[in-house]
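Reader: I have a model open and want to learn to read it. Where do we begin?

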Protein chains: 6
Amino acid sequence: MASQLPPFKHFNVTFPQEYVAHVETNRADKMNSFFEAMWVELRTIIDTLSRLPTVRAIVFSGAGDRAFTTGLDVKAASQGILGPSSTTDAARAASQMRRVIADFQDCVSSLERCEKPVIVVMHGYSFGLAIDLSTAADIRVCARDTKFSVKEVDIGIAADVGTLSRLPKVVGNYGWVKEVCLTARVFGAEEALRVGFVNSVLDTKKQAVDKAIELASLIASKSPVAVQGTKELLDFSRDHPVQDGLRYTGVWNGAATQTKDVTSAILSGLEKRAPTFEKL
Amino acid sequence: MASQLPPFKHFNVTFPQEYVAHVETNRADKMNSFFEAMWVELRTIIDTLSRLPTVRAIVFSGAGDRAFTTGLDVKAASQGILGPSSTTDAARAASQMRRVIADFQDCVSSLERCEKPVIVVMHGYSFGLAIDLSTAADIRVCARDTKFSVKEVDIGIAADVGTLSRLPKVVGNYGWVKEVCLTARVFGAEEALRVGFVNSVLDTKKQAVDKAIELASLIASKSPVAVQGTKELLDFSRDHPVQDGLRYTGVWNGAATQTKDVTSAILSGLEKRAPTFEKL
Amino acid sequence: MASQLPPFKHFNVTFPQEYVAHVETNRADKMNSFFEAMWVELRTIIDTLSRLPTVRAIVFSGAGDRAFTTGLDVKAASQGILGPSSTTDAARAASQMRRVIADFQDCVSSLERCEKPVIVVMHGYSFGLAIDLSTAADIRVCARDTKFSVKEVDIGIAADVGTLSRLPKVVGNYGWVKEVCLTARVFGAEEALRVGFVNSVLDTKKQAVDKAIELASLIASKSPVAVQGTKELLDFSRDHPVQDGLRYTGVWNGAATQTKDVTSAILSGLEKRAPTFEKL
Amino acid sequence: MASQLPPFKHFNVTFPQEYVAHVETNRADKMNSFFEAMWVELRTIIDTLSRLPTVRAIVFSGAGDRAFTTGLDVKAASQGILGPSSTTDAARAASQMRRVIADFQDCVSSLERCEKPVIVVMHGYSFGLAIDLSTAADIRVCARDTKFSVKEVDIGIAADVGTLSRLPKVVGNYGWVKEVCLTARVFGAEEALRVGFVNSVLDTKKQAVDKAIELASLIASKSPVAVQGTKELLDFSRDHPVQDGLRYTGVWNGAATQTKDVTSAILSGLEKRAPTFEKL
Amino acid sequence: MASQLPPFKHFNVTFPQEYVAHVETNRADKMNSFFEAMWVELRTIIDTLSRLPTVRAIVFSGAGDRAFTTGLDVKAASQGILGPSSTTDAARAASQMRRVIADFQDCVSSLERCEKPVIVVMHGYSFGLAIDLSTAADIRVCARDTKFSVKEVDIGIAADVGTLSRLPKVVGNYGWVKEVCLTARVFGAEEALRVGFVNSVLDTKKQAVDKAIELASLIASKSPVAVQGTKELLDFSRDHPVQDGLRYTGVWNGAATQTKDVTSAILSGLEKRAPTFEKL
Amino acid sequence: MASQLPPFKHFNVTFPQEYVAHVETNRADKMNSFFEAMWVELRTIIDTLSRLPTVRAIVFSGAGDRAFTTGLDVKAASQGILGPSSTTDAARAASQMRRVIADFQDCVSSLERCEKPVIVVMHGYSFGLAIDLSTAADIRVCARDTKFSVKEVDIGIAADVGTLSRLPKVVGNYGWVKEVCLTARVFGAEEALRVGFVNSVLDTKKQAVDKAIELASLIASKSPVAVQGTKELLDFSRDHPVQDGLRYTGVWNGAATQTKDVTSAILSGLEKRAPTFEKL
């Protein structure tokens, strides 16, 4: 399957199980910190997997033992997106910055708009961009050693590529969300589990990756029509009133329930065997 | 009071306490699985109780020991709403399906639009439609033996009568919501309590029903003007920005605070006796 | 700093740390219950602190040992906002009531629109208005002895100055929110922590106040540009779809990231010293 | 076709052309003024036609020469929905009134939710409810003698069954909308045409009915999949941001474009003959 | 009545008819251009009239023959809100500017939130702020000599106190709105009437003022409960989906229809005499 | 300037005036009908011009005398996007179709998201996609011979790349919008002008192009900060409640008003000379 994909520079993409892709940030020597070419490439990868019929679920993690990612590579950023503007006109500088942020946000949002569920594995340092990326994914699992921080206020900015927009909708504890975003304090795996930021905590990074692949395999064994519809309908409903969610669901399922997967799933259930589903 | 109501075919409706109605799905031999006539009748019942002045709170449960409901009666459905379409034109089939879903959703939504609070008691198998129904209610209590599952992906469909639209607004743990909806995995009462899906867990079904009736009685002892306004304003606010919620609240209470119940409640409070409130 | 402020009648305003204001309701003999002049004065104070450059975070608490606040001073209210209307025309009475509620809501909302984070300390009786006020703040800490209640249904009204609009967005456990609002039952500090209503529970009121001041000091040590942006962007995002949140964030940060605080924060980080930030 | 329909009491329902239904209010002696049983029956009729495969477009008009409708039958209303309440408690009276209005609104909204386009023909007196009904329809044509008025302020109420919610979205001249709603002044056909309230003005009522039937026939000659989708997508888009409209459109057309009508229409176009479309 | 009002510095407030207030900008020698103290005072006046029971409709115009207003007094502004910032930090300057704009917007919005309808009379130069103010009002009439311009791009800014938010909702011709906002070109009374920006064009300023007072008197002769509800429900509906508008209307009218004005209006109608309504 | 741009295959891009780009569809022999590669290239062009500092306004037209565009190249489409699906599973086919539509919509939406105003010149046949494209632009001018049609129902589909979502917001005459979308009837330039679909009608195509270039030049002579902000704020406000529009405007202008263009524009105004503005 990998042969269908172009080679990537900053990420390893493998296929540990049928229908499961594993995307790994490959910059362990720099704690998987990100510079612009990396998030642009990540978008390319995710957009590609989103439409690849041989993929039904995606695991996203970071190489090495020390960090999922420490976030922005501050040195690179201070010469790039946080560096001096080419203009001294504040309005023009703001305009340039808006474009930069919009494109950066679009890269991070590729995880959310991906048609297939994305499971993020966090471990070690998981700062700043780590939170932006993981809240744009569907499910978060982590190793016990994870050190989380919504780090942005510590570099003088309000987080701008997704955390502030998504975290209040991921974790239903608004006081806690406010606290960690306003103080940048580090929190651990147990706290993350308690407030509902992560789905489960595993003892080691390896176990966390295995858990994520296991979850991905389970999801990949279901009808892809049902799975992709479920992701889309949940995300639409999160952002709309209940009545709008129901209306959109009805339209979506007008087509989706015409799939042969329904018959296949029901029959397999009756016959107590695993169903197989056509690619999507 | 029951004499005011027409007889029902698939549900038992009783009045265990003053102002408290108890609606029980009466198909224990089939694990309380639902077919179309049942959800249509449920809507009739709930719409009726919604306007019945002698009812101030409703308990909804399932007969028998084994299941609140296993969800859709798949056999009936495969000859009905999930059965073959009368047309081979995909667009026309989608149009028919949309109508079917819209009507089904409307039956489930009767619990939400009911002017009086609805408390659901879950026990045993509580699969598929069990989640749709219970998220449309106000409060969920369960027995320790409850086995929950957002089962729909297992029959090849994205849940379409409310779970995907309401669960993200009921449980503030979006990763968990995604996980249970994408995997259809079974979860138990303790997990349901931990993530906030149920309000409380009782040791047996009987205790759970008693707890629900106790809660309903407590609610029924309050001013019905205040209680019904509280349900309405919470549901409106869930779906709108805070400023809209406040504005709607002001308009609602412009009339609602003119009730004699306020004086009555305050006086009773001072005199340390139970207030009585006119029917509504 | 206090010299910049006019004297207040019902509140003590002090500055326990640099950039930290402490607002204390000063009516311990009446359990800090509120009448109209108080909430109007509270708005004046908060609106003033919101723009005072020497303030970066605010702690709000109640004087005395017994109560953060028991809520509305019912005796005063029964001669005022809950008292008899000057008209017998129900529509005109409703119109007057809407104005009264709108103004009252605006006073409570001053905590939310305040540009600086507000941390509320709750202890003892924290009934009715206590919940309205605290949900309009950013962070809630409490003493172990706190007795919370969404008390309004007990006086015959649906809570109208914020609880019903904000509580479902503060606590991601909608069944629990419904239960406490519909029953007015008292709940304690541990339950408040478990469901995510408070950020932390301290053994005594004094410890809770100290904890709040410590949090406020921590926040005040960060870039005020970053902190105020973070509050604004979280509150905007809470009320809008994710894509709208991202778009608003991009526009906000177009200007905000041009601050010198970014360079200052990054340099201080590299040099491992505390940054200093210009007033805002 | 009429044989499929139950007999109606207050309306004539005929089928002047293939796939075209004509609904006529039949109370010319009372200027087609409405009482409750009438709007309830109208809902039944429209809901029925909405799903009747032999109907693709609907014309709605009033019998007689003098009035499309003068609106509410005030005499009946003063003994009914505008009559004395059964309670002296203002909050309970408000609650009853809300239910009445909600049901009345639902009857009027049947024109909007009808899957098939509805063309209203207005003539003579077209007051009050005439505007509510016609703004819930898709297209309005009128006779030159029509006298329109948003009459409600003249009987002491703000119009409550649709005009105030729909007129600002039907006519893009907000100052004019405000003026006619606040003054209840009568306006004529030419003004209605100029501001865009009606699509066309015909010299006589008969010509207006003929024009409406002609329009309905034209619409009925198109693919019903395309026509019903067009109505739905326009109404959804009117109420949502453009991006939401586009997203909903994509989902809708995912199924709708699979219809054989597309091939049929394109082939007929190439062969310059009228296409025929399967019922829907 | 005027005796109830404090004296104003920049505006004349008179009462030309019973229940009608006339607010006139009194700076004819400077073409009624505005500086900060003026818009702050305007808010005070409008907020006061909004609650004054003896006022039911308001006319707003400018003194002198030459201009309704030429907009911002650019000289004053260049030393004030458009002048140099007190800080060189672009983020801090943006923060100050946001506060200034928010307060300025709030002053202009006082016309929209005013409970009573506001009719604006435009004549001569009506540039910049003239459009912001008039779109926040309910009805616009003008003299034939009026020269309108959305002038802001000519001074290098996107209009910021309301025109860009309200004009697309006042005039349903989005291409024209774009054109006049992007080019700042001057347009005249006939064009304003044709696109629906003004309700009517009169030959002279005096006739326009008389027309506005006549309209205001007509509105003031109606039930104030009905009139104020109509304004509120139209403005709410403009900003919400139709279903939300209907729901809000039902709640509003639950109280509003309990007014004695309904009986009074209906009786007067039957008896063909002018009704009188209690103050509101 | 053109040298900065890559060569294009289906469009001519020229720069008739300083800061003005002219994009011309170059397929006159096929009536400028579109196939997929064309709309993809159009997106590339518009996205490029959107960020090109030497461009401040864009004119978009079609080559030749006969048609702006007849819409989709039906022959190409019947082998492409409207052709047979690669799957017989209706759900999978719907999924593919959604992706195709989403990408097509994104190409058309490039005109709307373009930071610079786009003026469309329509002439001759302007069917189907012509309406989608032109409603995504800011201003429409046309030649007297233009024949418009929302043609989609004639090929059996509800228009899916923008017309149904944008036309109700471009033209404030909802009945007319419904009529032309439901009937596909052809309408001419005068009608288009009357309802507000086009800004102006010129006698010939050449005059229409000249008019568009003149408008573009006028816009290009203004501050690009002000112009681009005006487009963005109008489009945001169209899709949001007024209060949201005002809030977004305040944030936008916090940065935008810091531009030197304000001083430059004001000074030039006082000195009665044309200002010059730095590129953006």
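**Backbone, symmetry and domains**

Author: Ala184(D) is buried, with 22 other C-beta atoms within 10 Å. Bear in mind that this is a predicted model.

Reader: Where in chain D is Ala184(D) found?

Author: Look in the loop between α6 (174-183) and α7 (189-195) of chain D.

Reader: How do I read phi there?

Author: Most residues other than glycine have a negative phi. Ala184(D) is not a glycine, yet its phi is positive, about 60°.

Reader: What is the phi of Tyr19(A)?

Author: Positive again, about 70°, and Tyr19(A) is not a glycine either. Tyr19(A) sits in the loop between β1 (11-17) and β2 (20-25) of chain A.

Reader: Is Tyr19(A) buried or exposed?

Author: Buried. Tyr19(A) has 21 other C-beta atoms within 10 Å, and the cut-off for buried is 20 or more.

Reader: Now the chains. What turn lays chain A on chain C?

Author: A turn of 120°, with a shift of 0.0 Å along the axis. The RMSD is 0.0 Å. That is the relation of a three-fold axis. The copies use different surfaces: 8% of the contact residues of chain A recur in chain C.

Reader: Which residue of chain A comes closest to the rotation axis?

Author: Gly172(A), with its C-alpha at 2.2 Å.

Reader: And the domains?

Author: Chain A is assigned domain 1 (2-220) and domain 2 (224-271). Their C-alpha centres lie 27 Å apart. Eight residues of domain 1 are in contact with six residues of domain 2. On the domain 1 side, the touching residues are two nonpolar, no polar and six charged.

Technical notes: Residues are numbered from 1 along each chain as its sequence is written. Chains are lettered from A and ligands numbered from 1 in the order in which they are written. This is a predicted model: local features need pLDDT of at least 70, side-chain atom pairs count only at pLDDT 80 or more; totals for chains, interfaces and linings use all residues. Copies are superposed by least squares on the C-alpha atoms of residues with pLDDT of at least 70 in both. Two residues are in contact if their C-beta atoms, placed from the backbone, lie within 7 Å. Domain bounds come from an automatic or database domain assignment. Ala, Val, Leu, Ile, Met, Phe, Trp, Tyr, Cys and Pro count as nonpolar, Asp, Glu, Lys and Arg as charged, and the others, Gly among them, as polar. Helices (H or I, at least four residues) and strands (E, at least two) are DSSP runs, numbered from the N terminus. A residue is buried if 20 or more other C-beta atoms lie within 10 Å of its own, exposed if 12 or fewer, and partly exposed in between; C-beta atoms are placed from the backbone.
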